[in-house]
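User: Could you take a close look at one part of this model for me? I'd like the strand pair and the loop joining it, then whatever else helps me place that part in the rest of the chain.

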Amino acid sequence: MILSRKNHITLMSLILIVTAFISKLGFGNTEIFLWALVIASVIGVAPISIQAYQALRVKVVSIDVLVTIAVVGAFLIRNFEESAIVTFLFLFGAYLEQRTLNKTRSAIKELTEMAPESALKQMDNGEFEMVEVDEVDVGDILLVKTGAKVPVDGTVVTGEGHINEASITGESLPVTKKKDSKVFAGTILENGTLQIIADRVGEDTTFGKIIELVEEAQDSKSEAERFIDRFSKYYTPAVLVLSFIVWLVSRDIELAITILVLGCPGALVIGVPVSNVAGIGNGAKHGVLLKGSEVIRDFSRVDTIVFDKTGTLTIGNPKVVDHIIYSGSSDEVLSYLSSVEKESDHPLANAVVEYIGDTKTHLIEKTDVIKGGGIVAKIGGHRMVVGNVALMERENVTLNKKVREDISKMQSAGNSLVLASMDGELKVLMGIRDPIRPGVKKDLQKLKKLGVKNLVVLSGDNQETVDLVAKEIGLTEAHGHMLPNDKQDYIKELQAKGQIVAFVGDGVNDSPSLALAQIGIAMGSGTDVAIETSDVVLMNSDFGRLPHALGLAKATVNNMHQNILIAIGAVLILLVSVFFSEWMNMAIGMLVHEASILVVILNGMRLLGYKLR
């Protein structure tokens, strides 16, 4: 009960401490001052002492043990001010640590809710009936209609269509599926009708594996120990032993308690959280969400960053990047092309319409959608053919040597092509691709200056396209045709070589890699599950914030180390002065003790103004 209300206790302690000092400094009321600090100390030490007891039960002498003893000692020498402040700072530091961690279960829930729940299954009489997806077995024939989720991993038996595989491969362009093509559970059939035979069902599907991989990878992360706890294994017993030895030798209980109180790591307790909170605050101000101190520490040590391509290195929205008008009035040809493409909701058609912009719209007299090819339309007394090279050849549209050279050039640049002919004559050639994010190359150079040795792209896209992207922006390695489990296996290989890996992605398919890598970095406009699975979020998908995030993590860790040295140095000076100086007393010790806390707070606050040089 007490531990579950730690946050409420922390707030109550703060209110009581503020009340105490207002009473004394503002109204000269020492009685309220005294009792407020006593109550703050008692309620504050309760959860700490419980944690100390739990630690001792498993034979661990934690900082909770030292804080508990120090508070009791402060009570014995009636230093209620110190006991109240120490307990509050300790509880507040723990609150700041926990507030941004342990959000993994909601990510699993999001994934589960996205899984297909039903399927149209072919029954013994040949008819298709809607059944629960759990009732589908390997070998069953299923019908998938336009707009429906593919319920299982399978193979197309009959039909043609375009499937959005973003949930699996992360790619923005729909993939054409026909007989013998493989399909994945959780993907969406954007147009067409397919009959598929179930190859893998339930947890064995690629989508099911994504859920399983996320859960396993996140569980493996939860075992990391905080630095301060590892340090306390040595520091806490040392102070306890020193205090006990002093009491044995001197039989001076007040001196022994003084050593405990002065040795209580007030600055150490607050030094690490204040550095991390200031770092997190700076990140938030600059559009970077850093999920806790453990994340910051791991992020600062990253030497390899692995990127998803679509939506990460690229914008994630296909756009026309090049076009050639071969004959006729440019305005007239583009207005006819826009009118035809408005009849389709295909991403390439949307890119063409967006590129052409506002233009005259012509009445479409007749349209014929050619699956896997494009559209044949009658418009303004003309026969317009809009689609790929195969459709042009089928419609006997002449593609001369110059045109074929242009086609080859655009394809070699990684473009998808849209051609448009009017009355059998080619009018327009357009190259469409997912553009590289502006400034990515410069941002990657900044990452290298910050100590990142390897920059790798993993993508479900074809190898040629991925190689072109890698060459354009200066990546170390590029790997295409990668499914989620392939990406995860690759990250495991890097980790087995001793590399500290960060993975940057934005889709559901990236969730296992985001969770498995030491640091998962999500683009802020990506899926909710990717954001919740990750350790770092770049808000508004601003890739340019990544170098700032890494630089900030390194600066925060350095600041944390400085605060630890300041805190330990102050304690050592106080303890040595107790034995070897005549001027040191409790009052001076308390002043130095509180001054060290102020110093580490001010040092941590410097991070609020951090900017990457």
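Analyst: Here's a walk through the part around strands S14 and S15, followed by the salt bridges and a few other spots along the chain.

One thing up front: this is a predicted model, so take everything below as computed from it. For the backdrop, the protein has 613 residues, and 53% of them are buried. Its secondary structure adds up to 22 helices and 20 strands. If you take the contacts with a separation of 6 or more, 66% come from residues 24 or more positions apart. The exposed surface is about 28,100 Å², with carbon and sulfur atoms supplying 56% of that.

Now to the part itself. Strand S14 covers 416–422 and strand S15 covers 425–433, with aspartate 423 in the loop between them. A good place to start in S14 is valine 418. Its relative accessible area is 5%, so valine 418 counts as buried, the cut-off being under 20%. What does it touch? Setting aside neighbours within four places in sequence, the contacts of valine 418 include Val428, Leu429, Met430 and Ile432. Those four numbers fall inside the 425–433 range of S15. Elsewhere in the chain, valine 418 is also in contact with Glu341, Leu348, Val352, Val386 and Gly387. There's a C-alpha distance to go with this: valine 418 and valine 389 are 29 residues apart along the chain, and their C-alpha atoms are separated by 8.0 Å.

Move along to the loop and you reach aspartate 423, which has a phi near 55 degrees, a positive value in a residue other than glycine. Aspartate 423 has a relative accessibility of 46%, so it counts as partly exposed. Just past it, glutamate 425 and lysine 427 form a salt bridge, with the closest N and O atoms 3.6 Å apart. The two ends of that bridge sit in different accessibility classes: glutamate 425 is partly exposed at 41%, whereas lysine 427 is buried at 12%.

Salt bridges that share partners also tie Arg383, Arg394 and Glu395 into one network. Within it, the side chains of arginine 394 and glutamate 395 meet at 3.8 Å, N to O. Arginine 394 is exposed, with 52% relative accessibility, while glutamate 395 comes out as buried at 18%.

A bit further along is helix H15, residues 401–412, which holds both lysine 402 and aspartate 406. They're 4 residues apart, about one turn of the helix, and they form a salt bridge with the closest N and O atoms at 2.8 Å. Here lysine 402 is partly exposed, with a relative accessible area of 46%, and aspartate 406 is buried at 10%. By the rule used here, the protein's salt bridges come to 12.

If you want another positive phi to set beside aspartate 423, go to histidine 481, where phi is again near 55 degrees in a residue other than glycine. Histidine 481 is in the loop between strand S17 (477–479) and helix H18 (484–496). With a relative accessible area of 54%, histidine 481 counts as exposed. Helix H18 also leads on to a buried spot. Serine 513, in helix H19 (residues 511–516), has 0% relative accessibility and so counts as buried. Apart from neighbours within four places in sequence, serine 513 is in contact with Pro484, Lys487, Gln488, Ile491 and Phe503.

Last, two surface patches elsewhere in the chain. Leu11, Leu14, Ile15, Val18, Ile22 and Phe27 make a nonpolar patch with about 590 Å² of accessible area together. One of these, isoleucine 15, lies in helix H1, residues 6–27, and is partly exposed at 47%. The other patch is negative, made of Glu117, Glu132, Asp134 and Glu135. Glutamate 117 is in the loop between helix H5 (104–114) and strand S1 (118–122), and at 56% relative accessibility it counts as exposed.

To come back to your part: look at valine 418 as the buried residue in S14, aspartate 423 as the partly exposed one in the loop, and the bridge of glutamate 425 with lysine 427 just after it.

How values were computed:
Residues numbered from 1 in each chain as written. Predicted model: local features only at pLDDT ≥ 70, side-chain atom pairs only at ≥ 80, totals over all residues. Heavy atoms only, no water. Patch = residues over 30% accessible without salt bridge, like charges linked within 9 Å, V, L, I, M, F, W, Y side chains within 5 Å. Areas by Shrake-Rupley, 256 points an atom, 1.4 Å probe, with all protein chains shown as cover. Salt bridge = Lys/Arg side-chain N within 4 Å of Asp/Glu carboxyl O. Lys, Arg positive; Asp, Glu negative; His and termini not counted. Charge placed at Lys NZ, Arg CZ, Asp CG, Glu CD. Helix = DSSP H or I, 4+ residues; strand = E, 2+ residues; numbered from the N terminus. Buried < 20%, exposed > 50% of the residue type's maximum accessible area, 1.4 Å probe, protein only. Contact = heavy atoms within 4.5 Å.
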